[in-house]
Amino acid sequence: MTLILGLETSCDETAAAVVRDGREVLSNVVATQHDLHVRYAGVVPEIASRAHLERLMPVVQQAIDDAGITLADLDAIAVGNRPGLVGSLIVGVAAAKALAWSLDKPLIGIDHVRAHLHAATLTPTKPRAAEQSDKAPDPSTSEIRNPKSEIVFPALGLVVSGGHTSLYRMDSAADITVLGRTIDDAIGEAYDKAGVILNAGYPGGPAMDKLSQQGDRNAEDVPELPISMLKPGSLDFSFSGLKTALLYAVRGLPVGRGKDATFERDASDLSPQRKADLAAAFQHAAVTAVERKIKRAIKQLAAEGVRPQSLVLGGGVSANSALRERVQTMAKNHGLSIHLPELGYCVDNAAMIAGYAHELLERGETSPLDLPVVATSRV
Ligand code: KG4
Ligand code: ZN
C-alpha cells in the first residue's frame, strides 16, 4: 500500500489531498480563492501567492486529519510544479520540499496538465461516518463511473481548462502525445471572458453553463456563433473568434476608434432571457467545436491504423453539463469507454496530483530537492 500526499497551488486553489495506491482518495481539501479575485474578474497573481502562503499549511493539516493518518505514514510527497503562475507554484513546491526533506520521503514534481488526465480514475472521497447518510451520489457521474471500467489504451485524452485545451493520444497513463491544442484562448478562458461580456457572474465557466441552461439558441434573433475548425485536418482549437462574436452580439458594433471607442450597448441593456439565449448559443458553439475535433481525431487515427479504445477528459471545463452529455453520446456511438472525472475532481485539486504521482513513483521517477517551478507545461 502506498500513501501519497499531494499539494496543488498552481493558480487560485490551495489544495492538499492524500491518495492511496493512486486511486483511492482518503482526503481532498480545496480552499478556493474566488472571493479574493471576484472584484477583478480574473486571478491577480500577487494576491494568489499571498493567499497560498496563508492557507497552505492549514489545508495540509486538514488533509492529513481527514485521511486519519499522520505525516509519518506517508510514502511520498507530490506537488504540481508546472505549469502555472510562478509565484503561486513556488509556495507549494517550497512546502513540498520542506516536508519531503524533513520526513525523509521522496519528492515527486508533477505536470498539472498530465494530472488532469488522471482525475477520471480517482474514486470518490469516502464521506466521513457522520456525513454519510445525507450525502447523495453525484448523479452526473454515477452512471458513467463503473469502478471496474479501466481506461483501455490507446486512448484519446482531452484537457479542457482555464489554461489548456489540448487533445492527446495516450498510449499509457504516462505516455502521451499532443495531437492538437488551442492556438489562442483556452476554452475555460473563453468561458470566463464570455461570463464578463454577459455579466453572468464569476468564475464565468460555471455561471455561463448555468445561464445557458435557461436559454434557447434557436430563439428569435439569436445569431449563430462561429464553430472554429481551422484548416482541414487540423486538430488545433481556436476560441478567440467565438468570444469576439459574442462580444459583438451583446454590445453591437464599436462606435468611434482607438481608446475612445465605445459600443452601442452592454449586457445591462439586455433582458435576462436574451442573455440566457446568447449564453446557450455560446455554449453550443464551444462544445460543438470540441466534439468535432474529437471526431476528427478518431478519423485521423483510424487512417493510421490506430483505434482508440477510451476517451478520457479532465480539467475545469469537463464539469460542463453540455460537454459531459455530448461526449458520452459520442463515445457510445464510436464504441469508446468514457472516463469523466467526478465533478469535484474536474477543477484544480490535489487528489489528481497525488494520484498521478503514484504512476511516477512506480516507475522510479522521483524528483531532486532542487526541483524547479516552470510556467509552461511539457505537454
Ligand atoms: O482546471 P481548472 O480548475 O484550472 C486550470 O487548470 O485552468 O479550470 C478552471 C476553468 C475556468 O476557466 C472555469 O471557468 C472553467 O474551468 N469551468 C467551466 C465549468 N466549471 C469550471 N467551464 C464551463 N462550464 C463549467 N461547468
Ligand atoms: Zn487545472
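Here is a short walk through the surroundings of ligand 1 and two residues annotated as part of a binding site.

This is a predicted model, in which local features need pLDDT of at least 70, side-chain atom pairs count only at pLDDT 80 or more, and totals for chains, interfaces and linings use all residues. Residues are numbered from 1 along each chain as its sequence is written, while chains are lettered from A and ligands numbered from 1 in the order in which they are written.

Let's start at the ligand. Ligand 1 is surrounded by 19 residues, each with its C-beta atom, placed from the backbone, within 6 Å of the ligand. Ser161, Gly162, Gly188, Gly205 and Gly316 are the closest. Helix H7 (204-213) and helix H6 (187-197) each give at least two residues to this shell, and H7 has the largest share, with four. Helices here are DSSP runs of H or I with at least four residues, and strands are runs of E with at least two. Domain 1 (3-138 + 347-362) and domain 2 (155-341) each contribute at least three residues; these bounds come from an automatic or database domain assignment.

Now look at the record. An unreviewed UniProt entry annotates a "binding site" that includes Val159 and Gly163, though such annotations may be inferred rather than shown by experiment.

Val159 sits in strand S6 (residues 155-160). Why is Val159 called buried? Because 30 other C-beta atoms lie within 10 Å of Val159, and 20 or more count as buried. Gly163, in the loop between S6 and strand S7 (165-170), is buried too, with 22 such atoms. Beyond four places in sequence, Gly163 contacts Pro83 and Ala186, meaning C-beta atoms within 7 Å.

Technical notes:
Buried ≥ 20, exposed ≤ 12 C-beta atoms within 10 Å, placed from the backbone. Contact = placed C-beta atoms within 7 Å.
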